[in-house]
Amino acid sequence: MALDAGRSEEGFTSVMATRVMGAACRAAGLDDRGAELIRLGENALFRLASVPVIVRVARGEEWLSTARTEVAVSRWLAGEGFSSARIIEDLAQPFLIDGHPVTFWHLILEGDRKAAYGELGGVLRDLHSLTVPDGLVLPSFDPFDKQALRLDRAVIPDDDKVFLRKRWRELQDKYAELKFETPKGPVHGDAHVQNLMVDDQGRVILIDFEAFCYDHPEWDLMVTSVEHYSLGWQTDEQYADFVAAYGRDVHDWDGYETLRGIQEFGMTTWLMQNVQEDEGTAAEYRRRIAGLRDDDGPRDWRPW
């Protein structure tokens with residue numbers, strides 16, 4: 001379903017996303033009064049006050065095929081009995097509101113703890129062991145698919161854009177030389193521990209299928225590996241639990257340094273999209289771009 005909520009040239013901000021969310025809720029017959037913005041990243045996520053529903057607003061029509069994939073993956077994983085986020089089944093999704101794909105998801109009631117790294121390793125092991133059905137067409141993993149749009153639209157200094165475009169080309173050259181030895185299968189594509197939730201029944205639930213694809217499992221393993229070895233975001237014990245649960249440490253692979261560069265670049269350009277939201281985001285972006293300019297220097301990046 002496509003509707004026009006009133007076009008704007010202000011960019012994808014919390015204000016614009018809220019307006020689109022309201023129009024989508026009206027189209028879906030839901031009450032958006034009291035809705036709360038809970039996250040602004042690649043998407044804007046809202047929690048409705050009227051019903052236990054999460055609304056995801058994507059940045060633009062370029063993400064329509066991605067939203068369709070998210071819906072299809074949710075349905076497939078539900079059919080497999082895999083513990084994962086569920087769409088609202090009785091709505092024809094995704095909606096397209098003023099060029100923004102919008103999807104509606106069942107709210108997950110969080111318990112009193114966060115997911116552990118050993119649980120992440122186990123979830124990825126189980127996910128990678130699934131067989132994708134013939135009817136589900138998934139893209140390959142493309143670490144550069146959103147970078148051009150991000151760089152074109154980012155409100156950052158020109159010299160940062162020049163540096164990032166140069167780094168982007170260098171990484172593409174290194175990526176072309178990667179040789180994987182593992183078979184392809186279902187890949188989450190953004191497999192950090194924050195994309196696991198533990199509900200009030202203690203169930204560990206995989207969320208966020210925006211980057212879901214059919215490719216090599218290394219793309220999922222690189223996220224936590226880079227966070228540990230490069231950024232120091234996990235203790236040695238936490239990372240050991242992750243490796244033990246999955247059964248492999250991708251840091252030992254000779255393609256790791258290329259994966260590290262790709263992951264750090266993506267983390268920086270992801271945050272770069274929202275530098276106009278507040279000074280905290282802008283400061284963290286400056287911290288990350290400074291790190292990219294010094295490959296051998298320490299990374300004092302903060303989780304975001």
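User: Is phenylalanine 95 buried or exposed?
Analyst: A quick note first: this is a predicted model, with local features taken at pLDDT of at least 70, side-chain atom pairs counted only at pLDDT 80 or more, and totals for chains, interfaces and linings using all residues. Residues are numbered from 1 along each chain as its sequence is written, and side-chain values use heavy atoms, with hydrogens and water left out. The cut-offs are under 20% relative accessible area for buried, over 50% for exposed and partly exposed in between, with a 1.4 Å probe and protein chains only. Phenylalanine 95 has a relative accessible area of 3%, so it counts as buried.

User: And what relative accessible area does phenylalanine 104 have?
Analyst: Phenylalanine 104 is another buried residue. Its relative accessible area is 0%.

User: How do the rings of phenylalanine 95 and phenylalanine 104 pair up?
Analyst: Rings of Phe, Tyr and Trp (its six-membered ring) pair if their centres lie within 6.5 Å; planes under 30 degrees apart are stacked, over 60 edge-to-face, and the rest tilted. That rule gives 12 aromatic pairs. For phenylalanine 95 and phenylalanine 104, the centres are 5.5 Å apart and the planes meet at 75°, making the pair edge-to-face.

User: What kind of pair do phenylalanine 209 and phenylalanine 212 make?
Analyst: Both phenylalanine 209 and phenylalanine 212 are buried. Their ring centres are 6.1 Å apart with the planes at 90°, so this pair is edge-to-face.

User: Which other residues are in the aromatic cluster with Trp219?
Analyst: Trp219 is one of the buried residues of H6. The cluster partners of Trp219 are Phe141, Phe144, Tyr175, Phe180 and Trp253.

User: How far apart are the end C-alpha atoms of helix H6?
Analyst: Helices here are DSSP runs (H or I, at least four residues) and strands are runs of E of at least two, numbered from the N terminus. The expected span is 1.5 Å times one less than the number of residues. For the 12 residues of H6 (218-229) that comes to 16 Å, and the model agrees, with its end C-alpha atoms separated by 15 Å.

User: How many of the residues of H6 are buried?
Analyst: H6 packs, through its buried residues, against several elements, including helix H3 (117-128), helix H5 (158-176), helix H7 (236-246) and helix H8 (256-272). H6 is largely enclosed by the rest of the structure, because the buried count is 11 of the 12.

User: Which residues does leucine 221 touch?
Analyst: Leucine 221 is found in H6 and is buried, at 1% relative accessible area. Contact means heavy atoms within 4.5 Å. Not counting residues up to four places away in sequence, leucine 221 touches Phe242, Tyr246, Arg248 and Val250.

User: How far apart in space are leucine 171 and threonine 258?
Analyst: Leucine 171 lies in H5 and is buried, with a relative accessible area of 4%. Beyond four places in sequence, leucine 171 touches Phe144, Gly261, Ile262 and Phe265. Leucine 171 and threonine 258 are 87 residues apart in sequence, yet C-alpha to C-alpha they are separated by 7.3 Å.

User: Where does asparagine 195 lie?
Analyst: Asparagine 195 is buried, with a relative accessible area of 5%. Its contacts, leaving aside neighbours within four places in sequence, are His188, Asp190, Ile205, Leu206, Ile207 and Asp208. It lies in the loop between S7 and strand S8 (196-198).

User: Which residue follows H1?
Analyst: Helix H1 (14-28) has 15 residues and reaches 21 Å, close to the 21 Å expected. Its buried residues pack against strand S2 (36-40), strand S3 (43-47), S4, strand S5 (95-97) and S6. After H1, with a positive phi near 75°, comes glycine 29.

User: Which element gives the most to the lining of the largest cavity?
Analyst: On a 1 Å grid over the protein atoms alone, a cavity is a set of points where a 1.4 Å probe fits but cannot get out, and lining residues have an atom within 4 Å of a point. The count is one cavity of 30 Å³ or more, and the largest has a volume of about 40 Å³, where points are joined across faces, edges and corners and the volume is the space filled by probe spheres set on them. Strand S4 (53-58), helix H2 (64-80) and strand S6 (100-106) each supply at least two lining residues. With three residues, the element that gives the most is S6.

Conventions
On a 1 Å grid over the protein atoms alone, a cavity is a set of points where a 1.4 Å probe fits but cannot get out, and a pocket is an open set with protein on both sides within 12 Å along at least five of seven lines; lining residues have an atom within 4 Å of a point.
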